[in-house]
Amino acid sequence: MHTKTIAELGAGLRAGEFSSVELTHHFLQRIERLEENLNSLVTVTPESALMAAEAADQQMKSGHADPLMGIPILQKDIFCTRGVKTSCGSRMLDNFISPYDATVTERLMQAGAVSLGKANMDEFAMGSSNETSYYGPVKNPWDTARVPGGSSGGSAAAVAARLAVAATGTDTGGSIRQPAALCGITGLKPTYGRVSRFGMIAFASSLDQAGPMTHSAEDAALMLQAMAGFDPKDSTSADEPVPDYSASLGDSLQGLRIGLPKEYFGEGLDPAVSASVESAIEVYRQLGAEVMEISLPNTGLAVPTYYVVAPAECSSNLSRFDGVRFGYRCENPHDLEDLYKRSRGEGFGPEVKRRIMIGTYALSAGYYDAYYLKAQKTRHLISDDFRKAFEKVDVIMGPTTPTTAFGLGEKMDDPVTMYLNDIYTIATNLAGLPGISLPVAPVNGLPVGLQIIGNYFAEAKLLNVAHRFQRESEWHRQMPVGFE
Amino acid sequence: MQWETVIGLEVHAQLATKSKIFSGASIAYGAEPNTQACIVDLGFPGVLPVLNEEAVNMALKFGLAVNAEIGERSIFARKNYFYPDLPKGYQISQFELPIVGKGALTIDLDDGVQKVIGITRAHLEEDAGKSLHEDFHGMTGIDLNRAGTPLLEIVSEPDMRSIKEAVAYARKIHQLVVYLGICDGNMQEGSFRVDANLSIRPMGQEPMGTRTELKNINSFRFLERALNYELERQIDLVESGGQVVQETRLYDADRDETRSMRSKEEANDYRYFPDPDLLPVEINPARLDAARQDMPELPDQKRARFESDFNLSADDAGKLTQSRPQADYFEATVEAGADSKMAANWVMVELGGALNKAGLELNNSPVSPQQLGGLLKRIADNTISGKIAKQVFEAIWKGEGDADSVIEARGLKQITDSGAIEAIIAEVIANNPKQVDQFRAGKEKLLGFFVGQVMKATQGKASPGEVNKILLGKLKG
């Protein structure tokens, strides 16, 4: 059952071939057997999962046929889930039981999805390797000596290892697409505002966006259908109609204009990864697409801009973790300052502290103009690059990451090299554009991701373009050895 | 040395919305601690603010009332600092592009002189919670009911040159926000708070002196006292060779003094930046028009109208319009049929006195404007005298019904039948021959004695005008 997609399992459930309880049991057993090799989960909730599965079976008996009904999924531990620990990968929230559900959680549960538990992640979503988690690093199922990518590394590894059919992720600078690429699954970061951020613990509010992590574009369409839409609780969510994402999956790509930014194929890109991406693009040529080189001249500004904007926002967003109302509190504080310093000092890990310090500095009097304000300007330049590009092309393609998965511990001592792993994904967050990563031909047995970037609210187009490739290829069907 | 006082004020007016500025929690005063704080107010992980548009509408009304510049875009910013009663570790406020820009307010001084005080800006922000330092055995209790309460911070230019001007300005702002219905004005409950910036400079000198900021002032009387204390402190300091330090000082009403709270060096770097959780507020002309349509008559307009429409003196019109409830009460009384001058007098003197004595506010008056109007009508049409009217008023106050039924039940109707009055007068004259002789011998002051006797005989119900007229005729005749 675990080799199937949401679409296939949904059909089986509705045909009565198996029940959601059976399906849920099957995945819970896989988790029990395989999870220790991966460390991809922070919390498993078998009891509530089975209860939800039973409820889904009842609903299906009475004729409810929502595509997600009875489908076992995982949630990144950044989404607040009522009555369940919501740690955000941090010691700070190791004791935090959320009193409410995130909008994303609520919508998926309403659609009948069965939550198996909460996926491991980089602490407060800050990382590109899932090594900053308080709960320890997640391992890549394709090679457990390697990282799964981050920050949604737990979600990616678990889906790749078939511990769940799908998972939610969040993407602030590549945190859905990069781990999806390194773990060989499909990951979609929607347009900023497409999915509500309410109940999603904030890292960088102007960049954060939730999205699905699945085996196929077809599944991503089903997940996004449930997740997307305006939320009155999130002022930045878009009041735009949600199209039927599945309806256009099979549309022809004849005449599709694909732009390849020359900046995404330059120095730093592993030639083998480049070759794999180019072979995928060849498939699109055969499907009738027109491929042209384009330029995104300000690409080089993306990483530095991001590392001002994101830390600035996070330094403020994370101020609420002060040991006063919830979360970690140090032992025997002797005064207020001691309470703050030790609660935060002991509750946060080094990468989170590094970013809080960078952000605090960037917003300080005397530096604000030079850093924060300037970053806002360069952010506009980056958006402008894309705006001009989309006058000429329908989608932009390139590698999701410059290399395949790197070894555990390999880049932890060098934050800058680590940050450069997101060089192709960060610009879309700064511009607020949607992007999808899908598996193409692996290199030395390790997955490679093709990134497709679309115009604002062009998720349906991205899913269509990705789906057409997956109809021609089997890369998204491949299973890591030991997890078949 | 002659010193010039320079004062600027920052007023925090709590907006009279139903719910908080960024959440649906109630802002009602006096609830049990932490019962009116939802997950948004508590700053829980993952929550987001949603702007209460009513707060924006109220701010716009204020802006229109002070003829302020109102931009098309207004932005919320985060003011970052750590404090236990500030749940998110930042306050959502405004920094660049406040909702209300430059405006002005005219104040009236005692001598009839008017002065225009510049308003720098007014911005929306959320209030913090309260730290309770007592009753917690050396620890601090936090009550977050107030967290997220909408505030309009109104910042003046340093245009005031005396303490009197400062108090007059604060009162005028208070009057205005209460009139606009955007603030209940209750200073005891903290709905209207004033921070004062004061500096001194030698008379005639252009550059400003170093200022201090005074906080914790919760009445106009304390504002005056705090400024007086601080002015003297600064003058003494400078005249004895010292220098004023830029700092925040707390006013202690019990000791009637200000004392240092924190200096400029200790001041926080608030690291303001635009709040990415909130979209810019767009103020289009239609929205501004809607706010304009919704504006009540302002105090100055009302005063002018009272003078012209009701023939009131400038002084009476000014006093009556001091508070909107009083002005509304007055108008309702006139509408109920009362003569306007009589109504003005009764509202301010009789009713005002009675309320004062009973410790009641006008909106809790046991006598309605309709009842008062009904009473005053009976004075005007000579059914009762002004003196009897006071009795009737007391009866209405006690809940014995409105004027007509009290007059009827107590038989207080004035005797205007001259035949009946003449008979009583004849009796009085017959019973007091000595006094009649004295009067006729020129002791005219005795008229009062005769009037008193007639009133006594009629239990005060005889029309005083009529009595005077007939008495004089009989006595002199």
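This passage walks through a predicted model with chains A and B, starting with the build of chain A and ending with a pair of helices in chain B.

Chain A is a good place to start. Its secondary structure adds up to 15 helices and 11 strands. For a chain of 484 residues the globule rule gives a radius of gyration of 23 Å, and the value for chain A is 21 Å, close to that, so chain A is as compact as a globular protein of that length. Laid along its principal axes, the C-alpha trace of chain A spans about 65 × 50 × 45 Å. Burial fits into the picture here: 61% of the 484 residues of chain A count as buried. As for contacts in chain A with a separation of 6 or more, 77% come from residues 24 or more positions apart.

One loop of chain A, between strand 3 (114-119) and helix 5 (153-160), is worth a pause. A:Ser151 is found in this loop, and the peptide bond leading to A:Ser151 from A:Gly150 is cis, with omega near 5°. A:Asn130 has its place in the loop between strand 3 and helix 5 as well. Although not a glycine, A:Asn130 has a positive phi, near 60°. Is A:Asn130 buried or exposed? A:Asn130 counts as buried, because 35 C-beta neighbours sit inside 10 Å and the cut-off for burial is 20 or more.

Chain B has a positive phi of its own to show. B:Leu97, again not a glycine, has a phi of about 55°. This residue lies in the loop between strand 4 (90-93) and strand 5 (103-108) of chain B. With 18 other C-beta atoms within 10 Å, B:Leu97 is partly exposed.

The two chains also touch. Chain A puts 35 residues into the contact, and chain B puts in 24. On the chain B side, those residues break down into 15 nonpolar, four polar and five charged.

Last comes the helix pair in chain B. Helix 7 (residues 324-335) and helix 9 (residues 369-380) have axes that come within 7 Å and cross at roughly 45°. That angle makes helix 7 of chain B oblique to helix 9 of chain B, and the crossing is right-handed. Which residues of helix 7 meet helix 9 in chain B? From helix 7 they are B:Tyr329, B:Ala332, B:Thr333 and B:Glu335, and they meet B:Pro369, B:Gln370, B:Leu372 and B:Gly373 in helix 9. By class, this contact between helix 7 and helix 9 of chain B has four nonpolar, three polar and one charged residues.

Methods. Residues are numbered from 1 along each chain as its sequence is written. Chains are lettered from A and ligands numbered from 1 in the order in which they are written. This is a predicted model: local features need pLDDT of at least 70, side-chain atom pairs count only at pLDDT 80 or more; totals for chains, interfaces and linings use all residues. Axes are lines fitted to C-alpha atoms, for helices over the stretch in contact, and angles run from 0 to 180 degrees between N-to-C directions. Helices (H or I, at least four residues) and strands (E, at least two) are DSSP runs, numbered from the N terminus. Angles under 35 degrees count as roughly parallel, over 145 as roughly antiparallel, 65 to 115 as roughly perpendicular and the rest as oblique. A crossing is left-handed if the near helix is turned anticlockwise from the far one by less than a right angle, and right-handed if clockwise. Two residues are in contact if their C-beta atoms, placed from the backbone, lie within 7 Å. Ala, Val, Leu, Ile, Met, Phe, Trp, Tyr, Cys and Pro count as nonpolar, Asp, Glu, Lys and Arg as charged, and the others, Gly among them, as polar. The radius of gyration is taken over C-alpha atoms; the globule rule is 2.2 Å times the number of residues to the power 0.38. A residue is buried if 20 or more other C-beta atoms lie within 10 Å of its own, exposed if 12 or fewer, and partly exposed in between; C-beta atoms are placed from the backbone.
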